[in-house]
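Colleague: I am new to this structure and would like a close look at one part of it, the aromatic rings and the core around them. Could you take me through that part slowly, giving the cut-offs as you go?

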Amino acid sequence: MRRRARAARRRGGRDSLFEHRMVLALQRRLPRGSRLDEQFRVPHGAHPYRIDAVVEHPAGFRFGIEWDGPGHYDAFTGLRLREPAEQFARDSFVEAYCLREGLSLFRVPYSYARKPAKAVAYCLAAAIRDFRAGACKIHYLDYMRTYVKINIYARLTPGVASILTQQDETFPQVNTRAL
């Protein structure tokens, strides 16, 4: 237990090495005047949810990023959770909150662990594109390798809604969903 606590302190209190690397890459690429709020609280009754990172851009808009680490996936269902329905409910709540509040949200899977700069570059470019278009969307990076498996799981599980998305016109490896 002590070893985990020491490792978390070295990572700036972040949950995982993946999240730590992604936040460092994000901090390096943010324009001057940006504000990064890690573990942003989303109001939800007695137990608020958190978004891994919310960025306030100097142009006057905000966007969120969820780093979906290896604990979210396995080979078939795309999930490695004790209670996948609870994770679906949490993710759906956070996504609905972002769309309601006018924030684009980027779901970055663990497949980007070795290419954090690429994920961050996409998030920043797409956030600016969404802002200019007056839109907010949920962006699922590497959709075909990760989130499509979640959709298959959703279809096989009663009470779990599918993620209905469309392919991004500029980046085919990303799928998006809007209101």
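Modeller: Buried means under 20% relative accessible area, exposed over 50%, and partly exposed in between, with a 1.4 Å probe and protein chains only. This is a predicted model, in which local features need pLDDT of at least 70 and side-chain atom pairs count only at pLDDT 80 or more, while totals for chains, interfaces and linings use all residues. Residues are numbered from 1 along each chain as its sequence is written, and side-chain values use heavy atoms, with hydrogens and water left out.

By that measure Tyr-110, at 38% relative accessibility, counts as partly exposed, whereas Phe-18 is buried, with a relative accessible area of 6%. Searching the whole structure gives 6 aromatic pairs, where rings of Phe, Tyr and Trp (its six-membered ring) pair if their centres lie within 6.5 Å, and planes under 30 degrees apart count as stacked, over 60 as edge-to-face and the rest as tilted. Phe-18 and Tyr-110 form one of these pairs, and because their ring centres are 5.2 Å apart with the planes at 70 degrees, the pair is edge-to-face. This pair links distant parts of the chain, since Phe-18 sits in helix α2 (residues 17-29) and Tyr-110 in the loop between β4 (104-109) and α4 (116-133), 92 residues apart; helices (H or I, at least four residues) and strands (E, at least two) are DSSP runs, numbered from the N terminus.

Phe-106 and Tyr-122 also form an edge-to-face pair, with 6.0 Å from centre to centre and 80 degrees between the planes. Here strand β4, which holds Phe-106, is linked to helix α4, which holds Tyr-122, across 16 residues, and both Phe-106 and Tyr-122 are buried. Ring pairs join these two with Phe-61, Phe-63 and Phe-131 into a cluster.

Phe-63 and Phe-106 also appear in the largest nonpolar core, which has 25 residues, and they are among those with the most contacts inside it, a group that includes Leu-26, Trp-67 and Leu-141. A nonpolar core is a set of buried Ala, Val, Leu, Ile, Met, Phe, Trp, Tyr and Cys residues joined through side-chain atoms within 4.5 Å. The elements giving two or more residues to this core are α2, β2 (49-56), β3 (62-68), β4 and α4, and the largest share, 7 residues, comes from α4. A second, separate core of 13 residues includes Ile-51, Leu-99, Leu-103 and Ile-138.
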